[in-house]
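Visitor: I am new to this structure and would love a close look at one part of it. Could you take me through its salt bridges, step by step?

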Amino acid sequence: MRTNCTDKMSAMHYLSALAAFAASLACLWILLSPLGRRLMLDHPNARSLHEQPVPRSGGLAIIAGAAAGIAGGTAAGAAPVPFGLIVALGLAAALAALSLADDLFTLPTLLRLAAHLAAAGAAVSLLIGVSEPLHFVLLALAVAWYANLYNFMDGSDGLAGGMAVFGFGAYAWAAHQSGHAALTTASGSVAAASFAFLLVNFHPARLFMGDVGSVPLGFLAGALGVLGWRDGAWPLWFPILVFAPFVCDATLTLAKRLLRRERVWQAHKDHYYQRLVRMGFGHRGAAWIEYAAMAGCAATALLFRAAEPGMQAGALGAAVIVLIVIAAWIDARWARWSRAQHDSGGALT
């Protein structure tokens, strides 16, 4: 009897993901129509790796798909949506609305940052409370950082969409293994909707995610990470390792720019993934390298999620060391490539 219930639950999760995928594809079809392609064009700037205007409305399809999957799973009885998940999804929707306004009208940086911090603080306070101020502050800053770093890393074809597939796919797998049905449905729906988007975002991208997609995805990566930790689906390090390719790239790049006393709020092309593209790997090559790192981190996190604490610490440390070694390799290759460009009289593109 228990096996039948488990099989039925698993089938509902798959149906929710399928609904998310289908709804996202339908929305993408509208956004790629002649009229839809005129909306929210992303024109090349100092940070861009593309040369022609591309619509940046793809995040709307991810949001629509994820919403359809979660709603369908709830209606089918996959699992009632607990209050904590409602909080995370509601705040993500609010950030999506704000980010859509930013995509359309370019809002002030301080306003966006204040909104990210407020949403992160609200999520953490409602999920775990504020009885331990240090934990609250650190977790709120981490969730806000996830929202921002995901936006920073959304600059190459297939990159942010791929991270969403691997990251939220790992969340869904871990949540399913721990018996957290609602978190499985939500995470699986986000991963499936993102996979549909990836079909039109892999190089050459016909559609970009935009802030309306990247900011809510980053926020959910952090907020659902805290929710899963609170509910015992995974240890606190799990969300860090699952999204480590993005966390390490954005954090190391920010640290280096701070040390160089650069204006970190200005657009730039110094991320490791950007350097891979610029050095000749191209969008496809950079994406496959990043996918290998994403798959490795997700697999390691899932494999050691329920291991002994010492093994968990060792797995996290080993993964971070591997990513740092990759970063050092890219830095060394970049230095040689830059010197060669300078000696030949070429410009850094």
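Guide: Let's start with Glu262 and Arg257, whose side chains meet in a salt bridge, with 2.8 Å from N to O. This is a predicted model, so please read each value here as computed from it. The two partners differ in how they sit: Arg257 has 6% relative accessibility and counts as buried, while Glu262, at 29%, counts as partly exposed. The cut-off behind those words is that buried means under 20% relative accessible area.

Glu262 and Arg257 also belong to a wider group. Together with Lys256, Arg260, Asp270, Arg275 and Asp331, they are linked in a network of salt bridges.

Follow that network to Arg275 and Asp331, and you find their side chains joined by a salt bridge of 3.2 Å, N to O. Arg275 is in helix 11 (residues 272-304) and Asp331 is in helix 12 (residues 309-343), so this pair ties together parts that lie 56 residues apart in sequence. Here Arg275 is buried, with a relative accessible area of 9%, and Asp331 is partly exposed, at 24% relative accessibility.

Now for another pair. A salt bridge also joins the side chains of Asp102 and Arg112, at 3.5 Å from N to O. Asp102 belongs to helix 3 (residues 83-105) and Arg112 to helix 4 (residues 109-128), so the bridge ties together parts ten residues apart in sequence. Asp102 counts as buried, at 7% relative accessibility.

To set these pairs in context, a search of the whole structure finds eight salt bridges.

Definitions and conventions. Residues numbered from 1 in each chain as written. Predicted model: local features only at pLDDT ≥ 70, side-chain atom pairs only at ≥ 80, totals over all residues. Heavy atoms only, no water. Salt bridge = Lys/Arg side-chain N within 4 Å of Asp/Glu carboxyl O. Helix = DSSP H or I, 4+ residues; strand = E, 2+ residues; numbered from the N terminus. Buried < 20%, exposed > 50% of the residue type's maximum accessible area, 1.4 Å probe, protein only.
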